[in-house]
Amino acid sequence: MAYAINHVHIRAADPHASAAWYEEHFGAKVLSAREVMPGTITVSMDAGGPVRLNISSKPEGSSDERSAAELNRLGLEHFGFDVDDIDADMARLEAAGVRVVLPITEVAGGGRLSYIEGPDDVLIELVQRRG
């Protein structure tokens, strides 16, 4: 299977205000705003290319700690890859010693996802769409 980046994901205190900023400054368009994972709202945006921009509220109980946006800094909230067979890909990654952050999870509206830890503490989501 050829892999493709599915989306870039940002956490925000107010995802609607952040989405408005991306609309204003980059011409991004809101595709949807809904609860994807329990207790959070995700605004999904078309930012002009094949990769969606998702902006989510922070889950209850998570840290308010922030890090400065600087060049050459390691880390990212997460990015996602589309996969055809999440079970096979997760088995392969686990066998290679990759740390699973969130096991395969069914999401509202169908589909399945899982999170793994990549290099430099980067969180990577695997997304198997419904159907």
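Guide: Two strands pair if DSSP finds at least two bridges between them, and both strands (E, at least two residues) and helices (H or I, at least four residues) are DSSP runs numbered from the N terminus. What stands above is a predicted model, in which local features need pLDDT of at least 70 and side-chain atom pairs count only at pLDDT 80 or more, whereas totals for chains, interfaces and linings use all residues. Residues are numbered from 1 along each chain as its sequence is written, and side-chain values use heavy atoms, with hydrogens and water left out.

Visitor: What makes strand E3 and E4 a pair, and in which sense do they run?

Guide: Five bridges join E3 (residues 42–46) to E4, and this count satisfies the pairing rule, so the two are called paired; they run antiparallel. Within that pair, Ser44 has Asn54 of E4 as its bridge partner. The two strands form a hairpin with five residues between them, and Gly48 in the turn has a positive phi of about 95°.

Visitor: Why is strand E4 said to be largely enclosed by the rest of the structure?

Guide: A residue is buried under 20% relative accessible area, exposed over 50%, and partly exposed in between (1.4 Å probe, protein chains only). Five of the six residues of E4 (residues 52–57) are buried, and therefore the strand is described as largely enclosed. On its other pairing, E4 meets strand E1 (residues 5–12) in the parallel sense over six bridges, where Val8 has Leu53 as its partner in E4.

Visitor: How do you know which strands are the edge strands of the sheet?

Guide: The open sheet of eight strands has the order E2-E3-E4-E1-E5-E8-E7-E6, with mixed pairing, and strand E2 (29–34) and E6 each pair on one side only, which marks them as the edges. Further along that order, four bridges join E1 to E5 in antiparallel fashion, with Phe79 of E5 as a bridge partner of Val8, while E5 and E8 pair in the parallel sense over four bridges. Gly80 of E5 stands opposite His7 and also opposite Glu125 in E8.

Visitor: What makes Tyr3 and Phe81 an edge-to-face pair?

Guide: Rings of Phe, Tyr and Trp (its six-membered ring) pair if their centres lie within 6.5 Å, and planes under 30 degrees apart count as stacked, over 60 as edge-to-face and the rest as tilted. Tyr3 and Phe81 lie 6.1 Å apart centre to centre with 80° between the planes, so both conditions are met and the pair is edge-to-face. Tyr3 lies in the segment before E1 and Phe81 in strand E5 (residues 78–82), so the pair ties together parts that are 78 residues apart in sequence. Phe79 and Phe81 are also edge-to-face, at 5.3 Å and 75°, and these ring pairs link Tyr3, Phe79 and Phe81 into a cluster.

Visitor: Why is Phe79 called buried, and why is Phe81 called partly exposed?

Guide: Phe79 has a relative accessible area of 18%, which falls below the limit for buried residues. Phe81, at 23%, lies above that limit and below the one for exposed residues, so it is partly exposed, and Tyr3, at 43%, is partly exposed as well.

Visitor: What makes up the largest nonpolar core?

Guide: A nonpolar core is a set of buried Ala, Val, Leu, Ile, Met, Phe, Trp, Tyr and Cys residues joined through side-chain atoms within 4.5 Å. The largest one has nine residues in all, namely Phe79, Val83, Ile86, Met90, Leu93, Ile116, Val122, Ile124 and Leu126. Helix H2 (86–95) and strand E8 (123–128) each supply at least two of them, and the largest share, three residues, comes from H2. A second, separate core of seven residues includes Ala12, Met45, Leu53 and Ile55.

Visitor: How do you know that the buried residues of H2 lie on the same side of the helix?

Guide: Those residues are Ile86, Asp89, Met90 and Leu93. The arc is that of the directions from the helix axis to the C-beta atoms, and they cover only 95° of it, which puts them on the same side of H2. What covers them, judged by contact (heavy atoms within 4.5 Å), includes strand E6 (100–106), strand E7 (112–117) and E8. Leaving aside neighbours within four places in sequence, Ile86 is in contact with Ile104, Arg112, Leu113, Ser114, Leu126 and Gln128.
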